[in-house]
Amino acid sequence: MNKRAVFTSKKHPTLSFVISLLILTQIMFISSTMGISQATQGKKYTLITYKASKIDLTKITLDGDASDWKDIPASATVNLTGLYGHRWKLATFKVAFNTTHIAILYKIDDDFNMATDNRLSAAVAIMWAISDEAGPFMGSTDETGTQPGAPVDIWHWWLNGSYRALAGGQGKVDSGKDPIGHLDDKHSTYADDLKLTGENEKENSLFGSWGFEVNGKTVTTPPENDTEGSYVVEIIRPLQTSDDPNNDAQFQEGQTYKLALAYWDPDQSSLGWLRNGHLISPINHYWIYVGLGVEPEVPQEKSTYGFEVLLAVISILGLVTTKKIIRTYDKKNKK
Ligand SMILES: [Ca+2]
Ligand SMILES: [Ca+2]
Ligand SMILES: [Ca+2]
Ligand SMILES: [Ca+2]
């Protein structure tokens, strides 16, 4: 009897059923493994998870000085990389919260540059997923951000003035604009969909301050251009805002949020930074997972490399076993 006949055998319906079930299970295993690879576009990212501490936020002063964050032990190091991978900078962040507000400290190692021209000054963005479906490329899941995606909240800041001053919309209903500096509240679903200030965003409840550290200490006044050190960015926002659901992330203790960071380097070209020349965390990390007071919940496809291998091994073992059963059956039938 040939192998094909085994499956149509009327004499052995039970064996036929068991073998069909085995094959079906293996196909399901293999296709689920393929599904995991597709979800990450075949690329492996360095996972960053962060548990934000619940603290007394009155201990944090918005003054562009990071020394008030020293008692918050957890700090994550992030690799910010350009779209084409040839430029990169290191950054760190901390997140804390209390019953009403969330705070972030974002530090980027680079030399200092500040000019009236915003492109000859540094710029930063802190982005949170609003929708579960949002990708970390301004809402899109593709690196260039050209494919329409789902809503993300963007806290965008040109660091071309208001050194160590209190900036942000500070709760004002003013189309997401910052009346003092350029700490603007924006949102998008993909790169070309970036909502500039004045477009849809109804309020800006961000409070922030930025400064620059030289030898680990924030300097009182802006240093000379090209001084080596780190930018220090502090932002605080109410956990909940009154804006439209697609404009702002809304935070709650005990939940996991998806974060991405960006930096525009004023030394990118003689004209300063270029619009899509920013260095971004998703190239290396995809989303960064932040749990408010809890260990963050990470979707399986981002942390299941071991699981993928296990599935592949089970599939191979299953196929070998099935082949053996068929061979034994064939031999018996020949006898
Ligand atoms: Ca401070
Ligand atoms: Ca808003
Ligand atoms: Ca420079
Ligand atoms: Ca927003």
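This report looks at a few strands and one buried residue in a predicted model.

## The chain as a whole

The model is predicted. The protein chain holds 4 helices and 13 strands. It has 335 residues, and buried residues make up 35% of them.

Contacts can link distant parts of the sequence. Take the contacts between residues at least 6 apart in sequence: 67% of these join residues at least 24 apart.

## Strand E5 and its two partners

Strand E5 covers residues 123-129. It is mostly covered, with 6 of its 7 residues buried.

E5 pairs with strand E6, which spans residues 152-158. The two run antiparallel, and 7 bridges join them. One place to look is Ala123, whose bridge partner in E6 is Trp158.

E5 also pairs with strand E11, residues 256-264. Here 6 bridges join the strands, and again the direction is antiparallel. Find Ala125 in the structure: its bridge partner in E11 is Ala262.

## From E11 to E13 and E1

E11 has a link to strand E13 as well. These two run antiparallel and are joined by 4 bridges. On this side, Lys258 has Tyr289 as its bridge partner in E13.

E13 takes in residues 288-292. This strand is mostly covered: 4 of its 5 residues are buried.

E13 is also joined to strand E1, residues 49-54, by 4 bridges. E1 and E13 run parallel, whereas E11 and E13 run antiparallel. Within the E1 pairing, Ala52 has Leu292 as its bridge partner in E13.

Follow the bridges in order. E6 is joined to E5, E5 to E11, E11 to E13, and E13 to E1.

## A closer look at Ile108

Ile108 sits in strand E4, which runs from residue 101 to residue 111. Is Ile108 buried or exposed? Count the other C-beta atoms within 10 Å: there are 23. The cut-off for a buried residue is 20 or more. Ile108 is therefore buried.

Which residues does Ile108 touch, leaving aside those up to four places away in sequence? They are Lys89, Ala91, Ser230, Tyr231 and Tyr263. One of them, Tyr263, has a number that falls within the range of E11, residues 256-264.

Val124 gives another reference point. Ile108 and Val124 are 16 residues apart along the chain. Their C-alpha atoms are separated by 9.3 Å.

Terms used. Residues numbered from 1 in each chain as written. Chains lettered and ligands numbered in written order. Predicted model: local features only at pLDDT ≥ 70, side-chain atom pairs only at ≥ 80, totals over all residues. Buried ≥ 20, exposed ≤ 12 C-beta atoms within 10 Å, placed from the backbone. Contact = placed C-beta atoms within 7 Å. Pairing = 2+ DSSP bridges.
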